[in-house]
There are 2 protein chains.
Amino acid sequence: MKDVASAAGVALKTVSRVVNGEPGVHPATANRVRAAIDRLGYSRNESARVLRRGRTATVGLVIEDVGDPFYAGLGRAVETVATAHGHLLLSGSSSEDPARERELVLTFCARRVDGLIVVPAGRDHSYLRPELDAGTPAVFADRPPGPGLDVDTVLADNAGGAALATRHLLAHGHTRIAFLGDDPAIFTAARRLHGYRTALGSLYDERLVWMGTPSPEPVRAALDHMLALDRPPTALFTGNGRLTVTALRALAGRRLALVGFDDFELSDLLRPAVTVIAQDPARMGRVAAELLFRRLSGDTGPAQNPILPVSLIPRGSGEISP
Amino acid sequence: MKDVASAAGVALKTVSRVVNGEPGVHPATANRVRAAIDRLGYSRNESARVLRRGRTATVGLVIEDVGDPFYAGLGRAVETVATAHGHLLLSGSSSEDPARERELVLTFCARRVDGLIVVPAGRDHSYLRPELDAGTPAVFADRPPGPGLDVDTVLADNAGGAALATRHLLAHGHTRIAFLGDDPAIFTAARRLHGYRTALGSLYDERLVWMGTPSPEPVRAALDHMLALDRPPTALFTGNGRLTVTALRALAGRRLALVGFDDFELSDLLRPAVTVIAQDPARMGRVAAELLFRRLSGDTGPAQNPILPVSLIPRGSGEISP
DNA sequence: CCGGGCGTTGACAACGTTGTCCTCGACGGC
DNA sequence: GCCGTCGAGGACAACGTTGTCAACGCCCGG
């Protein structure tokens, strides 16, 4: 900027004014400055600007896995909103590891992001307290923060969706409905189990429930075990997209009625096509980002906790009779 | 830092030394400083550090769409490598728009990213010249830079893969093999067309080729048109993952032999299961990131241009006889 | 013809770090 | 006992911007 100033024969501050489109510069002077800028290939040093202004025009996004379709869709929506507000997106994957989540969040804060959107992996977010008090707003998505943190949170109607799925299978005559869910330490998995259990009422049988990490072998073993029971399940409710796919592979043609939580690409092209409880990751990302930018523009109202609706998309696999 | 210094009863510089683990601080003093840091909840201001040191420990990633499975996988791999080198990732989606690509790249540069990884949307990258000259290395992935730019570039063997797919169908007795490809302005689409055409030789018939944006209606119309020809195609080669899926929907059960470029989740669960030419997006991201960090650690050798292999995964759809 | 206001421009400090150089005291060798 | 050396810590400038305030010349009204 100094070089531009001397090249244009003006003071540094005048260049700053031109670069920022501030008023009070004579058009002829401004043109001379612009010419010098082009000639020298100058571009403003954003780090210095950030240091001086205190705002980075950056938001941090911590999700479980940047490569997962659900979170990738969420991330894309966040990016769109951030771009519309002139902000850039820093993103990182926690890999479902609380320590990594914390590290990412604190790194983002050290870089003075203006705000955070977090899909938490852990249950303790006391480490965020100082940052929140220092004025960096955070919005939680998909899962709530740990106790004691009163921040905006966007959740899907997990229990409602699970109940919807379960009632759908009940309505088609099933009374033995198995549930495969992710690790119950994960909020969404627990809520979905809850919805399933509530909808089943007295039909609930813990032998038909398996929860754990969705890798092929354990899922296959669990299914085999359930199907070997005296009164085996005639229907299956899978608690997330990855489990649905894993279960489809493990079933290998055995015809169970099936409803899966989360829609996925090609669900309609399988035979039978897969009935799902669909959430809208893009909407979740958008709502979370909009909440964040509302805070950034000064809203200090009470924390918002929107619950996004889910919907059942019947495609065939859930309509199979026992 | 100033506050920490006075709280610990030392000079600012000593705090700096402790924070950075520099030698020459008495252990007792260091402990006092660390206690003060904890007490005050101090965290280093990264913006100021960046301003002073000139390095941001940040890399920029410009891809077509953060939400696309292929690019999401690539992005995840880049993130992993960047993290291993202690760098953070700024990412943005170009949406296949050259102007947006340019804007993102220049924004990243204004923020002084240490390096760039770009999946280009446009064919003219002269705007990168000043940044490269200024010492910001860039690596192109999936598609090469425009003319005149001699930078590291990681490509897949697009033509080879397309030829592999075509020969596979030829080997199963097909002589009428249709090709659906993306807009030929896209490098990968053009290369795949080239491979297909070369492998077909004299069997090439331009009436069996359609290229355009992979939205459902045009694809369906093109397929209907081809299948109504005197000598309709008995096999189909689709030029990318999205086109494969779109074509599967458009075919709606009509039994054509099919090979698709790009593997996709559930390709093995469809009936018939889909034979594909698989590339490895994670590997592409990893290789690109490693090239970038090699440059960042001072390598000034000639530009590298690795071509990543692709492989044919036979699953059934490509083995259907005419 | 003079004083006040306005439009334009510039000088200067500050943002929070880090690199360089300096000071101060202690210790060891001769 | 003196000088050289070394370890520990501090003062100061600089990184590139922006906010504040002051100065300058000009025009207009009195």
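This text walks through a predicted model, from one chain to the pair and then to the DNA. Residues are numbered from 1 along each chain as its sequence is written, while chains are lettered from A and ligands numbered from 1 in the order in which they are written. Local features need pLDDT of at least 70 and side-chain atom pairs count only at pLDDT 80 or more, but totals for chains, interfaces and linings use all residues.

Start with chain A. Its domain assignment gives domain 1 (2-44), domain 2 (56-156 + 281-308) and domain 3 (158-279 + 312-319). Such bounds come from an automatic or database domain assignment. The centres of domain 1 and domain 3 of chain A, taken over C-alpha atoms, are 64 Å apart.

Now look at two helices of chain A, α2 (residues 12-19) and α3 (residues 27-40). Helices are DSSP runs (H or I, at least four residues) and strands likewise (E, at least two), numbered from the N terminus. The axes of α2(A) and α3(A) come within 10 Å and cross at roughly 90°. Axes here are lines fitted to C-alpha atoms, for helices over the stretch in contact, with angles from 0 to 180 degrees between N-to-C directions. That makes α2(A) roughly perpendicular to α3(A) (65 to 115 degrees). Thr14(A), Val15(A) and Val18(A) of α2(A) meet Thr29(A), Ala30(A), Val33(A) and Arg34(A) of α3(A). Contact means C-beta atoms, placed from the backbone, within 7 Å.

Next, the pair. The contact takes 39 residues from chain B and 39 residues from chain A. On the side of chain B that touches chain A, at least two residues each come from α4 (46-53), α5 (69-84), β2 (88-93), α6 (98-110) and α11 (241-251). A turn of 180° and a shift of 0.0 Å along the axis lay chain B on chain A with an RMSD of 0.1 Å. The two copies are thus related as by a two-fold rotation axis. The superposition is by least squares on the C-alpha atoms of residues with pLDDT of at least 70 in both. Of the residues of chain B, Leu90(B) comes closest to that axis, at 2.4 Å (C-alpha). The copies meet through the same surface, because 100% of the interface residues of chain B are also interface residues in chain A.

Finally, the DNA. Strand C is surrounded by 23 residues, the closest being Ala11(A), Thr29(A), Met1(B), Asn45(B) and Ala48(B). Near means a C-beta atom, placed from the backbone, within 6 Å. The largest share of this surface, 5 residues, comes from α4(B).

Conventions. Contact = placed C-beta atoms within 7 Å. Parallel < 35°, antiparallel > 145°, perpendicular 65-115°, else oblique.
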